Amino acid sequence: MKTAFSIAAFGERGWLARFEGFPDDVASGLFANAVADRLRAGEGVTDAVAGVDSVALRFDPARLDADDARAMFEEAVKKTPRRRPAAVTKTIEIPVCYGGVYGSDFDSLCAHLNLDADELIGLHAQPRYRVITLGFAPGFAYLGGLDPRLDVPRLETPRAQVEAGSVGIAGAMAGVYSLASPGGWRIIGRTPISLFDAGAKSPFVLEPGAEIRFSPIPESEFQKRRKETR
Amino acid sequence: MTIARIVKPGLQTTVQDAGREGFRHLGVPRSGAADRMSLALANALVGNPWNAAALECTLKGPTLTFERPCVFALSGADMRASLKGKAVSNYARHEAKAGDELALGSAAVGARTYVAFAGGVAGDEFLGSISTYLPARLGGVRGRALRVKDALEIAGLETTAPVDMPASLRPVLAHDWVLRAVRGPDFEWFGGGAARAFFSAPFAADKRGDRMGLRLVGPPVAADGAASMKSGPVFPGTLQAPSDGAPFLLLADAQTAGGYPRIAQVIDADLHLAGQIRPGDRIWFREISTAEARDVAAKKQALIASFIPGFRLG
């Protein structure tokens with residue numbers, strides 16, 4: 001595959017590399033994660049964070065010169081293999097109650113996309129997704145593999161409050177809000193399971209490379225599972 | 001060890017240190033004091049390490065009763081604090097006895113006051129920091145803001161001789177702010193008009209502001225094709241512009257990734273001031289080059305670290 005990258009300044013102690021030419025978000029996102037993993041242990045690196053088609057490197061200027069940081073970044077991008085993402089690390093099933101009070105954008109999306117409720121649920125629950133990268137909030141995963149028919153833009157104005165467990169789509173991606181937070185994704189349902197628990201031994205349920213399956217559940221099941229996880 | 005008990009919690013009082021750095025790839029924000037400079041100044045006055053945990057009080061401060069003798073100091077916004085009914089000033093050491101009541105009022109200028117206690121405040125640790133991150137209910141006192149009857153525990157950190165910083169290093173609080181910023185990685189997405197407006201017109205801080213970020217209302221700042229951007233990393237200080245044209249200035253609890261174009265990045269040397277912006281305040285962004293920003297950061301960092309060893313600006 002023919003890929004290219006560019007590096008630009010991101011604040012006075014950061015650089016942003018952007019990637020082009022990958023076949024899809026899963027490929028670019030997992031490549032971005034591999035680059036970030038490679039950088040993270042570097043002397044003077046304070047953060048190496050992957051996006052869907054980009055990586056940000058932040059450094060401590062007292063320990064790492066800006067130009068050296070850029071050179072280190074360029075080398076990491078060049079050295080990271082551009083192969084199709086490796087095998088699935090684990091598979092996680094996420095039950096979802098679609099529509100109604102749990103999916104505030106469900107009805108408007110059906111109307112906008114000219115789908116009935118079952119068609120929308122089918123399109124969303126059918127594919128196997130891959131975790132492209134973690135970000136936005138603790139435990140929030142960007143999922144690649146969304147049916148292109150569900151590629152819708154983010155809300156023009158983000159909502160002040162999206163409930164924890166909300167299942168959303170935006171910009172050709174699926175995601176689950178691990179925490180109640182502001183957010184601009186279109187919300188179609190909610191899961192009763194928790195994706196982040198600060199008190200747990202491993203606080204993060206999802207990891208880059210994991211495979212995700214959504215399974216539709218009725219509201220009674222949602223209520224039951226919700227009680228169990230509390 | 002309990003040194004005090006909360007009588008009135010204030011509007012939003014949380015335990016904050018300098019935050020947890022290096023976990024953004026897991027989606028974990030930095031958190032920590034919204035105004036790092038004020039945190040460092042209060043800690044220095046009581047002889048704490050600069051990044052020890054203190055109370056961050058928002059707009060309206062708490063009232064607490066000491067149960068043991070304690071040395072404390074206040075910094076940041078002036079909340080007209082009193083100890084046993086007698087006014088106590090910011091940027092000075094104060095000694096409290098068991099039974100004394102410390103009462104903070106409301107800030108008229110600036111948004112946040114820091115109360116540092118000799119020995120540092122104790123709290124729940126997550127990834128090496130006890131900073132409270134309210135959305136995930138982690139850190140501090142059970143991951144939440146202080147409530148009535150909460151006990152204030154002291155971490156028992158070793159203290160050194162107090163450092164009295166020059167008054168010139170204290171943040172100057174006002175209702176008008178000029179924050180220096182460099183162009184963000186998506187600056188080119190914005191048309192010339194929007195870009196010019198961004199660096200010249202004032203913005204007003206919306207009511208929708210918290211430790212995560214401030215929503216700014218001013219001339220519309222929207223990028224072409226912004227709705228199709230792929231999610232990418234953001235940091236405290238990043239200015240993101242959703243397609244409705246009202247940019248967000250991200251603060252200490254900034255999410256780790258966002259999908260809106262990043263028009264600018266407030267420089268580290270000025271970012272702590274953004275933690276003092278109140279709803280309704282006016283903000284101008286002044287563009288400087290990345291090279292200038294590095295120079296400013298290095299000078300400010302060296303100056304502060306000459307008083308407070310180990311201090312880090314950003």
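Q: Hi! What does Asp186(B) form a salt bridge with?
A: Its partner is Arg18(A). In this predicted model, the closest N and O atoms of the pair are 2.7 Å apart.

Q: Nice. How many salt bridges are there across the interface of chain B and chain A?
A: The rule finds 5 salt bridges across that interface.

Q: And how much area do chain B and chain A bury between them?
A: About 4100 Å². Of that area, 57% is on carbon and sulfur atoms.

Q: Why give an area here?
A: The accessible area lost when the parts come together is often used to give the size of an interface.

Q: Okay, and how many residues does the contact take from each chain?
A: Chain B gives 51 residues and chain A gives 48 residues.

Q: Back to Arg18(A) for a second. Which residue is its bridge partner in β4(A)?
A: That would be Ser54(A). Strand β2 (residues 14–20) of chain A pairs with strand β4 (residues 54–59) of chain A over 5 bridges, in the antiparallel sense.

Q: What order do the strands take in that open sheet of chain A?
A: The 4 strands come in the order β1-β2-β4-β3, with antiparallel pairing. At the edges you find β1 (4–9) and β3 (45–50) of chain A, and each of them pairs on one side only. On average, neighbouring strands of this sheet are turned by 15° against each other, direction ignored.

Q: Which strands does helix α2 of chain A lie across?
A: Helix α2 (residues 66–79) lies across β1, β2, β3 and β4 of chain A. The helix runs at about 25° to β2(A).

Q: New topic: at what angle do the axes of α3 and α4 of chain A cross?
A: Roughly 95°, and the axes come within 10 Å. Here α3 covers residues 106–113 and α4 covers residues 117–125. That angle makes α3(A) roughly perpendicular to α4(A).

Q: Which residues make the contact?
A: From α3(A) there are Phe106(A), Leu109(A) and Cys110(A), and from α4(A) there are Ala117(A), Leu120(A) and Ile121(A). By class, this contact has 6 nonpolar residues, with no polar and no charged ones.

Q: Last one, on chain B. What is the strand order in its open sheet of 6 strands?
A: The order is β7-β6-β9-β4-β1-β11, and the pairing is antiparallel. The edge strands are β7 (86–87) and β11 (151–153) of chain B.

Q: How many bridges join β1 and β4 of chain B?
A: There are 4, between β1 (residues 2–8) and β4 (residues 63–66), which run antiparallel. In β4(B), Thr63(B) stands opposite Lys8(B).

Methods. Residues are numbered from 1 along each chain as its sequence is written. Chains are lettered from A and ligands numbered from 1 in the order in which they are written. This is a predicted model: local features need pLDDT of at least 70, side-chain atom pairs count only at pLDDT 80 or more; totals for chains, interfaces and linings use all residues. Side-chain values use heavy atoms; hydrogens and water are left out. Axes are lines fitted to C-alpha atoms, for helices over the stretch in contact, and angles run from 0 to 180 degrees between N-to-C directions. Helices (H or I, at least four residues) and strands (E, at least two) are DSSP runs, numbered from the N terminus. Angles under 35 degrees count as roughly parallel, over 145 as roughly antiparallel, 65 to 115 as roughly perpendicular and the rest as oblique. Contact means heavy atoms within 4.5 Å. Ala, Val, Leu, Ile, Met, Phe, Trp, Tyr, Cys and Pro count as nonpolar, Asp, Glu, Lys and Arg as charged, and the others, Gly among them, as polar. Two strands pair if DSSP finds at least two bridges between them. Buried area is the accessible area (1.4 Å probe) that two parts lose on being put together, summed over both. A salt bridge is a side-chain nitrogen of Lys or Arg within 4 Å of a carboxyl oxygen of Asp or Glu.
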